[in-house]
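Please take a careful look at the model shown here, with its interior, its pockets and its cysteines in mind.

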Amino acid sequence: MNTQTIEIMELVAGGDPSAQPVASIVVLHGLGADGSDFVPIAQELDLSAVGPVRFVFPSAPVLPVSINGGYAMRAWYDIYPPSPNPAVARREDDAGLRTSQGIVQQLLDRESARGVPPERTVLMGFSQGCAMTLLAGLRAPQRLAGLVALSGYLPLAEHTAAERSAANHSTPIFLAHGSHDPVVVVQRGEVARDVLQTLGYSVDWHIYPMEHSVCPQEIADLNHWLLRVLAVR
């Protein structure tokens, strides 16, 4: 599977839409959503100080999802039901995660081929898209401008230290979560934070009084962070 087989929406904001973008933000949606899900959020961001920024909104392939009874929906990978025994580690779809990691890397390579280098590209995701952002972003072979990980977790955490790319050891990470999230509990976000910090990453951690969603203060904080990591040096 490659980028030719998935749907991709795009939006240029912060300047002349016909001008060559000076930066790109690739946004990965959550389970069951599609590429249009975060278009309104992108439209709320004011990155005019950076110049024209291209937002890329891919839609995940349609897959049967085990935790939802095998119902087919847009998903970056399968999610298995948790074990009734809390002592048993959560099973992960290694193959599906690796396949979508390849798709995400192709999306990053596509931006580079269109004139926006990796160091001017931000990878961003929500929920399942957050997991993919951390999986693919930490393993990307060229340095990215930053990673935005919203309301998700770190997948294949036990492999991160061995598989991470040296190129992105210093890439800043915006990590945010809702304190009342019933879908991906905040403790999973905190575990991701702790693992990443232990590995030496610069993590900008935020927690908000919300459920599995995005709130205005989060958008404002993200806007400020994006202006900083995309500032021309």
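The paragraphs below go through the nonpolar cores, then the pockets, and lastly the cysteines of this predicted model.

The interior is a good place to begin. The largest nonpolar core has 38 residues, and those with the most contacts inside it are Tyr77, Leu123, Met132 and Ile173. Several elements each supply at least two residues of this core, namely the strands β2 (23-28), β7 (146-150) and β8 (173-178), together with the helices α2 (94-113), α3 (128-139) and α5 (186-198). The largest share of the core is that of α3, which contributes seven residues.

Leu123 repays a longer look, since it can be followed residue by residue. When its neighbours within four places in sequence are left aside, Leu123 is in contact with Val26, Leu28, Val104, Leu108 and Thr133, and also with Ala136, Gly137, Leu144, Gly146, Leu147 and Val148. Apart from this core there is a second, separate one of 31 residues, and among its members are Val122, Phe126, Ala145 and Trp225.

The open spaces come next. The largest pocket has a volume of about 360 Å³. It is lined by 22 residues, of which Ile79, Tyr153, Val183, Val184 and Arg188 are the closest to its centre. By residue class, the lining of the largest pocket divides into 12 nonpolar, six charged and four polar residues.

The second largest pocket has a volume of about 260 Å³. Its lining is formed by Ala89, Arg90, Glu92, Tyr153, Leu154, Leu156, Ala157, Glu158, Arg188, Val191, Ala192 and Val195. Two or more residues of this lining come from each of α4 (157-163) and α5, and the largest share, four residues, is that of α5. The lining of the second largest pocket holds eight nonpolar and four charged residues, but no polar ones.

What remains is the cysteines. How many disulfides does the model contain? The count comes to zero. Cys130 forms no such bond because its sulfur is 15 Å from the closest cysteine sulfur, that of Cys215, which is too far, given that a disulfide requires two cysteine sulfur atoms within 2.5 Å. Cys215 is likewise in no disulfide, its nearest cysteine sulfur being that of Cys130. As to their surroundings, Cys130 has a relative accessibility of 0% and Cys215 one of 15%, so Cys130 counts as buried and Cys215 counts as buried too, the limit being under 20%.

Methods: Residues are numbered from 1 along each chain as its sequence is written. This is a predicted model: local features need pLDDT of at least 70, side-chain atom pairs count only at pLDDT 80 or more; totals for chains, interfaces and linings use all residues. Side-chain values use heavy atoms; hydrogens and water are left out. A nonpolar core is a set of buried Ala, Val, Leu, Ile, Met, Phe, Trp, Tyr and Cys residues joined through side-chain atoms within 4.5 Å. Buried means under 20% relative accessible area, exposed over 50%, partly exposed in between (1.4 Å probe, protein chains only). Contact means heavy atoms within 4.5 Å. On a 1 Å grid over the protein atoms alone, a cavity is a set of points where a 1.4 Å probe fits but cannot get out, and a pocket is an open set with protein on both sides within 12 Å along at least five of seven lines; lining residues have an atom within 4 Å of a point. Grid points are joined across faces, edges and corners, and a volume is the space filled by probe spheres set on the points. Ala, Val, Leu, Ile, Met, Phe, Trp, Tyr, Cys and Pro count as nonpolar, Asp, Glu, Lys and Arg as charged, and the others, Gly among them, as polar.
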